[in-house]
Amino acid sequence: MSESLPGRLRAPAPGWTTRADVVVVGSGIAGLTAALRIHAADPGLRLLVVTKDVLAAGSTQWAQGGIAAALGPGDTPEQHERDTLVAGAGACDVDAVRVLVTEGPEAVRELIALGTQFDLHPDGELSLTREGGHHRDRIAHAGGDATGAEIQRALIAAVERAPAIEVVQHALAVDLLRAPAGGVAGLTLHVLGEGQHDGVGAVHCRAVVLASGGLGQVFSQSTNPSVSTGDGMALAMRAGARVRDLEFVQFHPTVMWLGPDSQGQQPLISEAVRGEGAFLVDALPEEGGTRFMQGQHELADLAPRDVVAKAITRRMLETGRPHMWLDARHLGTGASEASGGDRGDREAIVTRFWERRFPTILRVCREHGVDPVTELIPVAPAQHYASGGVATDLWGRTTVPGLYATGEVACSGVHGANRLASNSLLEGLVFSRRIADVLPAELRPWAEPADDERAEGLVSGERRRELQDVMTARVGVLRDADGLAEALDVLAALEHGDPEVGPPAWETTNLVTVSTALTEAAALRTETRGSHWREDFPDRDDTRAGHVDCWLEPGGTVRVEWTHAPSTDPSTTEVPA
């Protein structure tokens, strides 16, 4: 049980008011898909999309690998389902996974029809690759390693062709407004810069769709952009919504190591690089480096992310090194080792491969002083994805009437304890379409917001680094009871004083709220499962296969409890050839 947290953010009274039938918070694949599909379902609705930065600034544009769907020869939704369940380590909701994999292929085809230009083979068929945890080539990609940017481009272009969808940029969602009888009556925003309004205002609406992304800035190092401060999850908790499975934070195993003091967003080395044949080693060649994923899992370097991240972390602890290395010097040569043949010819072949398949990663590596054509890339795990989030049903409904959630801010149940590579873009796409299928018919009557009696508070933005350091050290890849208790003590000591009101304090307060719930959930789950690794409980315990739900009580206390869910363990099921 946590110390008291604010029931709402301290903010000025709204200085302006506007109305929209539906407000979508977020402008990545989940948010823009929801807006476009709701508009298509009922063109008469007034839709407002609000985004914290510019339309293209969220996590979608950073997605390198691609989007997974059973689109290739011999692949089936059933095979995709099994890979997803295996990666999810017994914590997936089977019905949600089935929705994802069966509706996924059609959703991707509609994305193509919208204008997304995926990479193709010379014969015009989709170029599909493989990533960790997949037994089939089913990852569609664009621009080599710029899939998210291409999807974002196509969605923004589609929104621009739909003038009925109003967009407000540089708008931070502050808090939900509640109806007298409960549920959503609107939300408050803080708009800066190029937004059509300035300062804090209120949007009265009949429904809110949260698509605001993840919580990466809880940790010192993350692949997430700076806008990922858990705003949607914290806002939903203050409105009474349940969040689920926050302890399942995925740490991407291969993030470029920039040094011990590096902070903030870190360069991701996509799993697709290993899908093309790169492998991990524990030292440089001249130091006798060896491949250490052999024997760890049947898929070796392409094992699910939690397996690879744990193996890297263990090897780092064993060797005392701050990182491992990724060897991709042979890609494109058809060889398993970067040896043999004329060196100049080999380097030219590898260079052409990198320039075609991974141009963005090549550029970023070189910008940081590493040429992956001739050098090994230093890598270490860093926070990458929140598998948990605001609890939803199969149609994106939360526990608050009129509030829906989709994408990384949500917990639909598809990821379980560990997201399967490239299922995240697909989740946002599929479940946003499902929200649009039901929301127009479920719109609630207009209601004036009720008086808000929730206790307000703020944590100074100057405390963010302290929060990130303790979360990284005590609630990161390795966890135990003592460390989790220490983290909760530090979080509780971040006083809710009288800091300057504004985005730094609002974001930091959101981070404290989400961090507290995450840590409480991690303390309750006394087992190791998927991306949740308890050193003091190193084994998986299937008596604890259910979900962990968290919610914020009216007095500001975070409560946690187990909810029942069947364990799914398809590891003994034969994978179709």
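In this predicted model, Ala 89 adopts a positive phi of about 55° just after helix H2. Helix H2 itself spans residues 77-87, and 8 of its 11 residues are buried, so the helix is largely enclosed by the rest of the structure. The buried positions are Gln 79, His 80, Glu 81, Arg 82, Asp 83, Thr 84, Leu 85 and Ala 87. The cover over these buried residues of H2 includes strand E5 (67-68), helix H3 (94-114) and helix H10 (423-442).

Nonpolar residues were then examined as cores. In soluble globular proteins, nonpolar side chains tend to be buried together. The largest nonpolar core of the model has 62 residues, of which Val 23, Leu 187, Val 208, Leu 210, Leu 403 and Met 471 touch the most other members. Helix H13 (residues 503-524) supplies the largest share of this core, with 7 residues. The surroundings of Val 23 illustrate the packing. When neighbours within four places in sequence are set aside, Val 23 is in contact with Leu 48, Val 50, Leu 187, Val 203, Cys 205, Ala 207, Val 208 and Val 209. Another core, of 49 residues, lies apart from the largest one and has Leu 32, Ala 96, Ile 156 and Ile 165 among its members.

Aromatic side chains were considered next. The count of aromatic pairs comes to 3. Phe 219 and Phe 251 form an edge-to-face pair, with 5.4 Å from centre to centre and 75° between the planes. Phe 219 is placed in the loop between strand E12 (207-210) and strand E13 (221-222), whereas Phe 251 belongs to strand E15 (residues 249-256); the pair therefore ties together parts that are 32 residues apart in sequence. Under 20% relative accessible area, a residue is classed as buried. Phe 219 therefore counts as buried, at 1% relative accessibility, and Phe 251 likewise counts as buried, at 9%. Elsewhere, Phe 353, Trp 354 and Phe 358 form one aromatic cluster.

Aromatic rings also face positively charged side chains in the model, as two arginine residues show. The charged end of Arg 242 sits over the ring of Trp 551, at 4.1 Å from the ring centre. Arg 291 lies over the face of Phe 279, and the distance to the centre of that ring is 4.1 Å.

Terms used
Residues are numbered from 1 along each chain as its sequence is written. This is a predicted model: local features need pLDDT of at least 70, side-chain atom pairs count only at pLDDT 80 or more; totals for chains, interfaces and linings use all residues. Side-chain values use heavy atoms; hydrogens and water are left out. Rings of Phe, Tyr and Trp (its six-membered ring) pair if their centres lie within 6.5 Å; planes under 30 degrees apart count as stacked, over 60 as edge-to-face and the rest as tilted. Helices (H or I, at least four residues) and strands (E, at least two) are DSSP runs, numbered from the N terminus. Buried means under 20% relative accessible area, exposed over 50%, partly exposed in between (1.4 Å probe, protein chains only). A charge sits over a ring if NZ of Lys or CZ of Arg is within 6 Å of the ring centre and within 35 degrees of the ring normal. A nonpolar core is a set of buried Ala, Val, Leu, Ile, Met, Phe, Trp, Tyr and Cys residues joined through side-chain atoms within 4.5 Å. Contact means heavy atoms within 4.5 Å.
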